[in-house]
Amino acid sequence: MTLAIAEANLAVDHDDVPVGAILIDSTGRVVASDHNRREELSDPTAHAEMLVLSTAARTLGTWRLTGHTLIVTLEPCAMCAGAAVHARLEGIVYGAPDLKTGACWSLYNIPQDARLNHQMDLVAGILEPECAALLTDFFEDRR
């Protein structure tokens with residue numbers, strides 16, 4: 001999670017919400033890392049999670065990311081949780097919950113929805129105070 005937090009801090013350089021993500025393989029090796037780039041790329045899909053999944057798929061030459069785990073500072077939204085399901089991830093680990101758009105327990109539980117063709121493990125609250133502070137500080141500076 002500390003690597004995801006470091007990524008999140010980079011988002012502030014281009015005025016993006018500080019969310020960082022990394023993808024690790026089954027041995028714990030980092031396969032991809034990135035941060036939110038919606039403002040930088042003028043792309044509503046440029047969430048840290050989406051960028052990491054795309055980079056990993058290109059790097060590995062397959063969209064099936066079985067055995068990989070997404071680690072992200074903020075609970076993924078419906079788009080990102082859905083992409084994780086489609087990528088066949090092993091699990092998602094996140095820091096802070098997102099009570100407004102979270103789709104990994106807060107509002108929805110897309111990754112564990114039995115109606116979908118794939119489910120995965122979820123772990124929440126890892127370094128939650130640090131992850132939450134990234135967002136609190138970012139939005140306080142803008143008020």
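These are my notebook entries on a few places that I looked up in this predicted model.

**Ground rules.** I count residues from 1 along each chain as its sequence is written, and because the model is predicted, local features need pLDDT of at least 70 and side-chain atom pairs count only at pLDDT 80 or more, while totals for chains, interfaces and linings use all residues. Side-chain values use heavy atoms, with hydrogens and water left out.

**Entry 1, helix α1.** I began with α1, which covers residues 2-11; helices (H or I, at least four residues) and strands (E, at least two) are DSSP runs, numbered from the N terminus. I looked up which residues of α1 are buried, and found Ala4, Ile5, Glu7, Ala8 and Ala11. Buried means under 20% relative accessible area, exposed means over 50%, and partly exposed is in between, with a 1.4 Å probe and protein chains only. These buried residues cover an arc of only 160° around the axis, which puts them on the same side of α1; the arc is that of the directions from the helix axis to the C-beta atoms. I noted the background too: an α-helix has 3.6 residues a turn, so residues three or four places apart point the same way. I then looked up what the buried residues of α1 pack against, and the partners are β1 (20-24), β2 (30-35), β3 (69-74) and α5, where contact means heavy atoms within 4.5 Å.

**Entry 2, salt bridges.** A salt bridge is a side-chain nitrogen of Lys or Arg within 4 Å of a carboxyl oxygen of Asp or Glu, and the structure holds 5 of them. One of these joins the side chains of Asp25 and Arg29, at 3.1 Å from N to O; Asp25 is buried at 14% relative accessible area, whereas Arg29 is partly exposed at 46%. I also followed Arg37, whose side chain meets that of Asp34 at 2.7 Å, N to O, and which forms another salt bridge with Glu40, the closest N and O atoms being 2.7 Å apart. Asp34, Arg37 and Glu40 are thus linked in a network of salt bridges. Within this network, Asp34 is buried at 11%, Arg37 is partly exposed at 22%, and Glu40 is partly exposed at 40%.

**Entry 3, the loop between α2 and α3.** Ser42 lies in the loop between α2 (38-41) and α3 (48-60), and its phi is near 50°, a positive value in a residue other than glycine. Is Ser42 buried or exposed? With a relative accessible area of 68%, Ser42 is exposed. His47 is found in the loop between α2 and α3 as well, but His47 is buried, at 15%. Leaving aside residues up to four places away in sequence, His47 touches Asn36, Arg38, Cys77, Met79 and Cys80.

**Entry 4, a second positive phi.** Trp105 is not a glycine, yet its phi is positive, about 140°. Trp105 sits in the loop between β4 (91-96) and β5 (121-124), and at 42% relative accessibility it counts as partly exposed.

**Entry 5, a nonpolar patch.** On the surface I found a nonpolar patch formed by Val123, Ile126 and Leu127, with about 200 Å² of accessible area together. Patches are made of residues with over 30% relative accessible area and no salt bridge, like charges being joined within 9 Å and nonpolar side chains (Val, Leu, Ile, Met, Phe, Trp, Tyr) within 5 Å; accessible areas come from the Shrake-Rupley method with a 1.4 Å probe, and for residues only the protein chains shown count as cover. Ile126 has its place in the loop between β5 and α5 (128-141), and counts as partly exposed at 35% relative accessibility.
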